[in-house]
Amino acid sequence: MTGLAVLCAAGLVSGASPLPAGAAFASAASAASSASGSASAAAGSSGSGAAAGEDEAGSVDRSRLGGHRRESLYVTDYTAGDVLRLRLPAGPQSTVPTTGLTRPTYMALDRGGALFVSDTFNNRIVRISSGGEQTTVPTDGLSRPLGLALSRSGDLYIADSFNDRVVKVSSDGGEQTTVPTDGLLHPAGLALDEKKNALYVADFVNDRVVKVPATGSGGQRTVHTTGLSQPTGLALDARRHRLYISDSGNDRVVRVPTAGGGGQRTVRATGLSAPQGLALDRRRNLYVADFGNDRVVRVSSGGGAQTTVPFSGLTTPVGLVVQQAAHARPHADADAG
């Protein structure tokens, strides 16, 4: 079953007039009615390319909990309207206290442990403090927001999907601004490389990923990829100059270099169905929201076997984010799983 077929079967899109998978998140509320701007889905399996789901990225702080370094993985449950948290590697699991979420998708964490969530069907972004207090981020005119990215200073980038743009909300309370882009159609995932002043955008309907300056002026560039169909989630390994892309229409994850030579490689992940959000832990293991299979999988950086992260009761996962142990115990747990 292709990624789009999975979404149709889940009732998220109309089989007769299918919307693209990423836009399905934004339009499921009106799936019973006809939708304009439909896009054809390219079917296909994971493609060739032997390569690896090897390492992953990021700047991650190290800390100790009970003598051991521990991290937590957050995931949005699109259908249930929940955000789940699992202490890696095997629990315990808890539910983040939230109010009124409808079809939550992508997430971001700030350096203080506050969690930002795209409350996609409510056309808003919510912030849940480390103490569990929920507030709405001040924004203007969002329509089905998806991907999020945060700068170290707290500036928030939002893929404003149905407005075909990316906006920036300044941490200092200044006006919302639109990031200069060209020709986006239903942008989905975002990834920010501050050192290189680069913002990567999954341009879902156009089957591409673009790179634009995060601040200031400069031109848009299309990232060199091969055969993408409906890209959704992104994850950046800035240290190793690698960008991971959920190629949802082809049921695979690919990796491309952001500097130097080398070409696209397919991550060694098996049995994916419409993959969405991606995240990396401090050991550069890759986590994939396997939307059509109601699970999150972990692809080891060391080349070991793929494993399923032991979430309980998870359906239709979309957003993922890893929290370092240095941020202690955020989001006073609601029920344990």
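This is a short talk between a student and a tutor about strand β10 and its neighbours.

Tutor: Before we start, this is a predicted model, where local features need pLDDT of at least 70 and side-chain atom pairs count only at pLDDT 80 or more, while totals for chains, interfaces and linings use all residues. Residues are numbered from 1 along each chain as its sequence is written, and side-chain values use heavy atoms, with hydrogens and water left out.

Student: Why is β10 called a strand?

Tutor: A strand is a DSSP run of E with at least two residues, numbered from the N terminus. β10 covers residues 165-169 and has five residues, so the name fits that definition. The protein chain has 24 strands, along with two helices (DSSP runs of H or I, at least four residues).

Student: What makes β10 mostly covered?

Tutor: Five of its five residues are buried, meaning under 20% relative accessible area with a 1.4 Å probe, protein chains only. R165, V167 and V169 point one way, V166 and K168 the other way, and all are buried. In the protein chain, 55% of the 337 residues count as buried.

Student: How do you know that β9 and β10 pair?

Tutor: Two strands pair if DSSP finds at least two bridges between them. β9 (residues 156-160) and β10 have five bridges, in the antiparallel sense, so they pair. Here L156 stands opposite V169. The hairpin has four residues between the strands, and D164 takes a positive phi near 55°.

Student: What makes β10 and β11 a pair?

Tutor: β11 (residues 177-178) joins β10 over two bridges, also antiparallel, so the cut-off of at least two is met. T177 in β11 is the bridge partner of K168.

Conventions
Buried < 20%, exposed > 50% of the residue type's maximum accessible area, 1.4 Å probe, protein only.
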